[in-house]
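User: I am new to this structure and would like to understand the words used for it. Could you walk me through how each label is earned?

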Amino acid sequence: MAFNLDSVPSQKGRVAIATGANTGIGYETALGLVQTGMKVIMACRNLDKAKQAKKTILDQLPDADLDIIELDLSRLSSVRAFVDTYRQQFSRLDLLINNAGIMIPPYTKTEDGFESQMGVNHLGHFLLTALLLDLMPDTAEARVVALSSNAHKMGTINFDDLQSERKYSRFGAYAQSKLACLMFANELSRKLVAADRKTLSVCAHPGGSDTELSRHMSTTTVKFLKMTGLALITHSPANAALPTLYAALAPDVSGGDYFGPKGFLEMSGKPGKVSQSTSALNWDVAQQLWDASEDLTGVTNFCV
Ligand SMILES: NC(=O)c1ccc[n+]([C@@H]2O[C@H](COP(=O)([O-])OP(=O)(O)OC[C@H]3O[C@@H](n4cnc5c(N)ncnc54)[C@H](OP(=O)(O)O)[C@@H]3O)[C@@H](O)[C@H]2O)c1
């Protein structure tokens, strides 16, 4: 049966965190989750934008249960502060949606010295997950959902220059970071199974959608893509959020599953299970990436 939010039973009493929930796919994910009755914590770096997004949701759904907690994934200190605040207010977490992301910015480093896409897309979420996992119930309905991309298929994890210090390719670093998100989801799933925990780690990709993710593309490139008909094969942010919502809420989900749109080139279409690149399934590289991520973020006892 096709996935449909109307078929999801009430999620009242459950709590989700969605990173980057103030715009694009994260906003649509938060909107979908509150529609089911779930409480959603919008984990956002810009509080004004987050307040505006919350207001827009409340204008449509006055009963929506939404809170905002500041989170800047480009600063590990902010990730730790977010978790401290969250733990002061909540004693459980049912869904962690690691959605926030940046794509092809000029070379910059995060506060902790990571290449910004590796830092924000992967390492910030790695630390966030490590610090929250013990709050997640030991059930298959409790899920960590990572966001990858079709771009992961063009990525490699370059351990010789993980932070692209010697050579920076904007797209290469994006592809590497999105491959890292998927490999982290896979490896976390393996570790949860090995620890006999039922909590699921899964991954989704949205296909293609015209969001603020293109903010670092030149206007000429954006215009060119629109003229060449890209809009015809991509879909709205609301539809692009469906693979995430499927991974988060559908009953027929197992750890390590990867969801995306099933249409042409996986750019749009109904959500379902999709395949990963061979590189994403390289367990030796996944373990090496895990070890490197622990070292870089200072995680000593990831609780699995
Ligand atoms: N759109 C697509 O076609 C596409 C395709 C494949 C994969 N994806 C993935 O889908 C996810 C969502 O992308 P989107 O298209 O919705 O992009 P978007 O419209 O640009 O939204 C990205 C969100 O991430 C937030 N963010 C960026 N840097 C952050 C940081 N340092 N700390 C906390 N939050 C931060 C942004 O906050 P601000 O608003 O404050 O900047 C925004 O809320 C990303 O992981 C992306 O890689 C998207």
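User: What makes β5, helix α5 and β6 a right-handed β-α-β unit?

Analyst: Happy to start there, with the note that this is a predicted model. Look with the strands pointing away from you: a unit is called right-handed if the path from the first strand over the helix to the second runs clockwise. The path from β5 over α5 (residues 170-194) to β6 meets that test, so the unit is right-handed. β4, α4 and β5 make a right-handed unit too.

User: How do you know that β5 pairs with β6?

Analyst: Pairing needs at least two bridges. Five bridges join β5 to β6 (residues 200-204), so the two strands pair, and they run parallel. Arg-143 of β5 stands opposite Leu-200 in β6. Four bridges join β4 (residues 95-98) to β5, again in parallel, and there Leu-95 stands opposite Arg-143.

User: Why is β5 called mostly covered?

Analyst: A residue counts as buried if 20 or more other C-beta atoms lie within 10 Å of its own. In β5 (residues 143-147), five of five residues pass that cut-off, so the strand is described as mostly covered. Arg-143, Val-145 and Leu-147 point one way, while Val-144 and Ala-146 point the other way. In a regular strand, side chains alternate between the two faces of the sheet.

User: What makes the buried residues of α3 lie on the same side?

Analyst: The buried residues of α3 are Leu-76, Val-79, Phe-82 and Tyr-86. They cover an arc of only 115° around the axis, which puts them on the same side of α3. As background, an α-helix has 3.6 residues a turn, so residues three or four places apart point the same way. The face turned away from the buried side of α3 carries the exposed residues Ser-77, Asp-84 and Gln-88. Covering the buried residues are, among others, β2 (39-44), β3 (66-70), α4 (116-132) and α10 (283-297).

User: How do you know that the span of α3 is close to the expected one?

Analyst: The expected span is 1.5 Å times one less than the number of residues. For the 14 residues of α3 (residues 76-89) this gives 20 Å, and the helix reaches 20 Å from its first C-alpha to its last.

User: Which residues have the most contacts inside the largest nonpolar core?

Analyst: They are Ala-16, Ala-18, Val-40 and Met-42, in a core of 84 residues. Helix α5 gives the most to this core, with twelve residues. Ala-16 touches several residues, including Leu-33, Val-40 and Leu-95.

How values were computed. Residues numbered from 1 in each chain as written. Predicted model: local features only at pLDDT ≥ 70, side-chain atom pairs only at ≥ 80, totals over all residues. Buried ≥ 20, exposed ≤ 12 C-beta atoms within 10 Å, placed from the backbone. Arc of directions from axis to C-beta. Contact = placed C-beta atoms within 7 Å. Core = buried A, V, L, I, M, F, W, Y, C linked by C-beta atoms within 7 Å.
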